[in-house]
Amino acid sequence: MSKSTIMLVCAAGMSTSMLVTKMQNAAKEKGLDAEILAVAASEADKKLASQTIDVVLLGPQVRFMAKQFQEKLEPLKIPVEVINMADYGMMNGAKVLEQAVQMMEAKVG
């Protein structure tokens with residue numbers, strides 16, 4: 001798989017940045033070439049306009065925005081899902097990375 005970009009969206013970008021670090025470590029262990037970044041929901045549109053994003057994961061605290069993101073990103077063929085609350089709460093970077101990879105594989109397949 002070529003380099004992919006995974007964007008995590010949350011309320012302020014704080015707690016999700018810890019998850020990004022754990023996901024980056026998991027990607028390194030698996031030998032995946034992935035850029036993983038966290039943005040506040042208010043910054044998501046700006047980031048989507050300035051960078052190619054392969055998958056968007058929403059933090060549980062912004063799950064109410066899922067439909068809005070899906071409608072916005074469907075024409076761009078960018079999959080969107082809410083991060084599993086347990087994986088988010090446990091900061092399970094490997095599980096969340098696995099979720100993102102499965103979304104990208106489904107997009108390709």
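This note goes through the fold, the salt bridges and a few individual residues of the structure, which is a predicted model.

1. Overall fold. The protein chain contains five helices and four strands, and when these elements are read along the sequence they follow the pattern β-α-β-α-β-α-β-α-α. For a reader who wants to place the later points, this order is the frame to keep in mind, with β1 covering residues 4-10, α1 covering 14-30 and β2 covering 34-40, and with α2 at 44-50 and β3 at 55-58.

2. Dimensions and packing. The radius of gyration of the protein chain is 13 Å, which agrees with the value near 13 Å that a compact globule of 109 residues would have. The C-alpha trace spans about 35 × 30 × 20 Å along its principal axes, and 44% of the 109 residues count as buried. Of the contacts between residues at least 6 apart in sequence, 73% join residues at least 24 apart.

3. Salt bridges. The structure holds five salt bridges, of which some are described here and in the next point. Glu-43 and Lys-46 meet through their side chains at 3.5 Å, N to O; Glu-43 is partly exposed, because its relative accessible area is 36%, whereas Lys-46 counts as exposed because its relative accessibility is 56%. Lys-67 forms a salt bridge with Glu-71 in which the closest N and O atoms are 3.0 Å apart. These two residues lie four residues apart in helix α3 (residues 66-73), so that about one helical turn separates them, and both Lys-67 and Glu-71 are exposed.

4. A salt bridge between distant segments. The side chains of Lys-3 and Asp-33 also meet in a salt bridge, with an N to O distance of 4.0 Å. This pair links distant parts of the chain, since Lys-3 belongs to the segment before β1 and Asp-33 to the loop between α1 and β2, 30 residues away. Asp-33 is partly exposed, with a relative accessible area of 44%. A careful reader may wish to note that a salt bridge is counted here within 4 Å, a cut-off to be read beside the 4.0 Å given for Lys-3 and Asp-33.

5. Gly-31. The loop between α1 and β2 also holds Gly-31, which is exposed, its relative accessible area being 61%. Gly-31 and Gln-99 are 68 residues apart in sequence, while their C-alpha atoms are 16 Å apart in space.

6. Asp-54. Is Asp-54, in the loop between α2 and β3, buried or exposed? Asp-54 counts as buried, because its relative accessibility is 18% and the buried class covers values under 20%. The side chain of Asp-54 reaches the backbone nitrogen of Thr-5 at 2.7 Å. When neighbours within four places in sequence are left aside, the contacts of Asp-54 are with Lys-3, Ser-4, Thr-5, Ile-78, Pro-79, Met-104 and Lys-107; Lys-3, which appears among these contacts, is also the partner of Asp-33 in the salt bridge described above.

7. Aromatic rings. A search of the whole structure for aromatic pairs finds zero. An aromatic ring does, however, take part in an arrangement with a charge, in that the charged end of Lys-72 sits over the ring of Phe-69, at 4.7 Å from the centre of that ring.

Terms used. Residues numbered from 1 in each chain as written. Predicted model: local features only at pLDDT ≥ 70, side-chain atom pairs only at ≥ 80, totals over all residues. Heavy atoms only, no water. Buried < 20%, exposed > 50% of the residue type's maximum accessible area, 1.4 Å probe, protein only. Phe/Tyr/Trp six-rings, centres within 6.5 Å; stacked < 30°, edge-to-face > 60°. Lys NZ or Arg CZ within 6 Å of the ring centre and 35° of its normal. Polar contact = N/O pair within 3.5 Å; in protein donor to acceptor, adjacent residues only side chain to side chain. Contact = heavy atoms within 4.5 Å. Rg over C-alpha atoms; globule rule 2.2 N^0.38 Å.
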